[in-house]
Each structure stands twice: as C-alpha cells, then as structure tokens.
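Me: Hello! Could you walk me through this structure, a step at a time?

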Amino acid sequence: QAQLVESGGGSVQPGGSLTLSCESSRRFYKFTDMGWYRQIPGYQREMVAQIFSDGRTRYADSVKGRLTISRDTAKNTPSLQMNNLTPEDTAVYYCNVQGGCSGSVCGVYWGQGTQVTVSS
C-alpha cells in the first residue's frame, strides 16, 4: 500500500507564503481526486482544496484566490501553493488521495499531516 508524506509546513508571518508537497511511496496510476485538508484541535477536518482526475479544482470559500492546488504529474501527488496566509490558516494540513490505485490496490490514502502556523 502507498504511504503519503507531506512536507513544506512551518511558521510564517501573516501575508507570507508556503508551498506544501506530498510524496507517495508508490505512484498512483489512477485516482478519483486528490487534495488537501486541514484540522484545528477540537474541530473536524475540513477540505481546503481538491483536484479531480479531469483537472477540475474545488476550493473552500475561505481560501479562494489565495491557495492554489496543482498535481505533480510525474509523482501524481498534489501540491498546495499558499499565499497571503492569515492566522486563520493555522492548522495541521493533510494530503489525501481518493480512489488512488497503485499496483493492484486501490483505496483512500492520508498523510500524517504537516503543521502550518501563521502568526506575527
């Protein structure tokens, strides 16, 4: 089974930028959608951005115009460019692949999360 590992999180001042990347131990040759979710302690995990296999994208209203999701076609994993960050973006960010198929196995995959902290 594939394992996902996020990178690129860290601390940044308001207005700053970060780029999150997601590595997979196995390349997905097929997927339904992939994306980024975030979670604050005590709250449910929420969708931030998704990219579908046909190239469509979907964003949470709170991040539209500031965050951009893309797909690394070589690795078939998602990346997230985060601009003009605000303290409300502080959370643990998780990489997700839905219906990801590698070898003969297809399933839902989550990374372990990467912390993003926005503060002055």
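Me: Let's start with Y109: is this residue buried or exposed?
Reply: Happy to help! Buried means under 20% relative accessible area, exposed over 50%, and partly exposed in between, with a 1.4 Å probe and protein chains only. Y109 has a relative accessibility of 5%, so Y109 counts as buried.

Me: Before we go on, what kind of model is this?
Reply: Residues are numbered from 1 along each chain as its sequence is written, and side-chain values use heavy atoms, with hydrogens and water left out. Local features need pLDDT of at least 70, side-chain atom pairs count only at pLDDT 80 or more, and totals for chains, interfaces and linings use all residues, since this is a predicted model.

Me: How many aromatic pairs are there?
Reply: Rings of Phe, Tyr and Trp (its six-membered ring) pair if their centres lie within 6.5 Å; planes under 30 degrees apart count as stacked, over 60 as edge-to-face and the rest as tilted. By this rule the count is two.

Me: Which kind of pair do F28 and Y109 form?
Reply: Their centres are 5.2 Å apart, with 50° between the planes. F28 lies in the loop between β3 (18-24) and β4 and Y109 in strand β10 (residues 105-110), so the pair ties together parts 81 residues apart in sequence. Strands here are DSSP runs (E, at least two residues), numbered from the N terminus. F28 is buried at 0% relative accessibility, and the pair is tilted.

Me: And which kind of pair do Y37 and W110 form?
Reply: Y37 is in strand β4 and W110 in strand β10, 73 residues apart. Y37 is buried with a relative accessible area of 15%, whereas W110 is partly exposed with 36%. The ring centres are 5.0 Å apart with 65° between the planes, which is edge-to-face.

Me: R38 caught my eye; what distance separates the side chains of R38 and D89 in their polar contact?
Reply: R38 lies in strand β4 (residues 33-39) and counts as buried at 6% relative accessibility. A polar contact is a pair of N or O atoms within 3.5 Å; within protein, one must be able to donate a hydrogen and the other to accept it, and residues adjacent in sequence count only if both atoms are side-chain atoms. The side chain of R38 has such a contact with S62, at 3.4 Å. With D89, the distance is 3.0 Å.

Me: Which residue's ring does R45 lie over?
Reply: A charge sits over a ring if NZ of Lys or CZ of Arg is within 6 Å of the ring centre and within 35 degrees of the ring normal. The charged end of R56 sits over the ring of F52, 4.4 Å from its centre. R45 is 3.6 Å from the ring centre of its partner, Y94.

Me: What is the order of strands in the open sheet?
Reply: Two strands pair if DSSP finds at least two bridges between them. The four strands of this sheet pair in antiparallel fashion, and six bridges join β7 to β8 (residues 77-82). The order is β1-β3-β8-β7.

Me: Where is N76?
Reply: N76 has a positive phi of about 55° although it is not a glycine. N76 is also buried, with a relative accessible area of 3%. Its place is in the loop between β7 and β8.
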